[in-house]
Amino acid sequence: MKPWIESEMVRKITASVHFDRELYRQDIQGSIAHVRMLGKQGLISPEESEAIVRELQEILREIEEGRFKWKEEYEDVHLNVEAALIERLGETGAKLHTGRSRNDQIALDMRLYVREASDRVCKAIEEVQRAILDLAEAHADVIMPGYTHLQRAQPILFSHHVMAYFWMLERDKGRFSDAARRADECPLGAGALAGSTLPLSPEHVAQELGFSRSFRNSIDAVSDRDFVLEFLAACSILMVHLSRLAEELILWSTQEFSFIEIADPFTTGSSMMPQKRNPDVAELIRAKSGRVFGHLLSLLTVLKALPLSYNRDLQEDKEGLFDSVRTVLACLEILAPMLRAIEVNGEKMRSAAEDSSMLATDIAEYLVAKGIPFRKAHAVVREIASYCREKGKGLKELSLEELRAFCELLDGAFLESLTAENSVKARRLPEQLKGQIAEAKKLLEVKAPTVGKSW
Ligand code: ARG
């Protein structure tokens with residue numbers, strides 16, 4: 001097969017083989033299904049079909065062992081594989097592309113890729129979820145300050161706080177399965193945009209590749225990249241969550257907080273300051289969200305106002321996708337062991353939670369239970385809090401007399417019972433924790449949803 005682009009300049013801008021070779025497995029998988037269908041439909045002989053399948057499998061082996069010679073003059077992964085096949089099988093190899101266009105071929109490769117990638121990301125998310133669950137269980141009783149506006153708000157359980165991330169990740173998995181479900185439609189048979197005069201069987205190919213169904217509209221089949229957008233959106237939201245977790249790890253490991261210690265292997269030193277242990281891994285997870293958001297925005301921009309059907313613009317969907325998958329997996333893969341190795345300074349969290357100003361809401365609710373309207377109770381406790389600030393005293397350091405000057409209903413027994421521990425219990429956080437841990441465990445026993453059969 002002769003390369004058909006003559007100008008070096010044109011070749012340079014159109015060539016994609018240096019990045020789309022990442023799709024070699026999906027491409028060959030699709031070609032094998034296509035060729036088997038051609039044989040079944042009598043478009044090529046059984047011998048030809050077998051010979052092509054065998055040679056495609058040989059090419060696959062060569063690629064995996066690094067023996068395959070990729071050539072830029074053949075533009076992309078599709079033409080590289082096809083050219084190698086023709087070189088080896090002559091006229092028989094030249095029958096591979098019967099009834100097919102690179103437009104439906106690449107649409108297929110991308111769907112197969114997104115399907116597999118969703119599965120891999122979900123599995124990696126589950127590992128992080130397991131680490132979070134173990135962390136929560138190992139420190140189930142540790143009390144810490146809960147924050148709003150990054151100001152101490154109410155005493156909570158550390159385990160409750162970290163489990164919040166479990167549920168974010170659970171929703172992320174749902175988004176990846178959605179993207180995979182939407183990609184679950186086989187575009188092969190759509191041709192360049194409007195099918196073929198040959199008696200192909202798109203349903204057969206769809207079935208062979210484990211898709212739930214074949215395309216309904218050939219024009220949509222070659223033009224649609226929604227599933228890539230959805231996948232990148234799922235990656236972006238996941239990275240939002242990972243960056244929030246990373247930020248909290250960074251914050252908590254500062255000397256100012258000292259709530260946790262990030263284990264040595266996940267910190268780095270400074271080239272100048274010998275005492276430093278920097279949380280670089282967490283910082284990079286926090287920062288890498290940026291490139292993933294960028295890839296989503298980039299594809300949105302590529303697709304915006306793009307006329308139907310296939311346009312070469314669509315080739316720009318790949319590098320961002322591949323980089324997002326690599327980035328997201330790298331972050332998830334290091335986060336799981338990093339979370340497992342975290343040292344929790346329960347004492348430090350506990351003593352921070354002793355700050356009795358965080359019990360102000362409990363006092364207001366005590367007054368509500370005694371029949372005072374909430375807004376009134378709120379105002380009383382607000383006054384007490386400002387008195388405390390003025391006197392430089394904690395809520396618990398006020399004498400009964402001082403307190404009763406604000407409200408007669410406050411008594412010694414209640415004051416005595418006013419502790420971070422009781423506050424956490426009174427808000428039924430231990431029960432909430434137990435319930436969510438039980439549910440989380442049940443969820444993890446169920447494997448991440450897989451769409452289609454694996455090859
Ligand atoms: N490399 C192309 C892409 O990624 C394959 C399809 C090319 N089709 C075409 N008609 N030029 O989209």
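**Exercise 1.** Find where histidine 149 sits in this predicted model, and work out whether the residue is buried or exposed.

*Solution.* Start with the place: histidine 149 belongs to the loop that links strand S1 (143–148) and strand S2 (151–157). Next, look at the backbone, where phi of histidine 149 is near 55 degrees, a positive value in a residue that is not glycine. For context, most residues other than glycine have a negative phi. Finally, take the accessibility: exposed means over 50%, and histidine 149 has 73% relative accessibility, so this residue counts as exposed.

**Exercise 2.** Now try glutamate 75: which loop holds this residue, and is the residue buried or exposed?

*Solution.* Glutamate 75 is placed in the loop between helix H4 (46–64) and helix H5 (77–89). Its phi is positive, about 55 degrees, although glutamate 75 is not a glycine. Buried means under 20% relative accessible area; glutamate 75 has 4% relative accessibility and therefore counts as buried.

**Exercise 3.** Go to the peptide bond from leucine 308 to serine 309 and say whether the bond is cis or trans. Then ask which residues make a nonpolar surface patch with leucine 308.

*Solution.* Begin with the bond: from leucine 308 to serine 309 the peptide bond is cis, with omega near 0 degrees. In general, most peptide bonds are trans. Serine 309 lies in the loop between helix H11 (280–303) and helix H12 (318–340), and leucine 308 is found in the loop between H11 and H12. With 68% relative accessibility, leucine 308 counts as exposed. Last comes the patch: Leu193, Ile219 and Leu308 make a nonpolar surface patch of about 280 Å².

How values were computed: Residues are numbered from 1 along each chain as its sequence is written. This is a predicted model: local features need pLDDT of at least 70, side-chain atom pairs count only at pLDDT 80 or more; totals for chains, interfaces and linings use all residues. Side-chain values use heavy atoms; hydrogens and water are left out. Helices (H or I, at least four residues) and strands (E, at least two) are DSSP runs, numbered from the N terminus. Buried means under 20% relative accessible area, exposed over 50%, partly exposed in between (1.4 Å probe, protein chains only). Patches are made of residues with over 30% relative accessible area and no salt bridge: like charges are joined within 9 Å, nonpolar side chains (Val, Leu, Ile, Met, Phe, Trp, Tyr) within 5 Å. Accessible areas come from the Shrake-Rupley method with a 1.4 Å probe; for residues, only the protein chains shown count as cover. A salt bridge is a side-chain nitrogen of Lys or Arg within 4 Å of a carboxyl oxygen of Asp or Glu.
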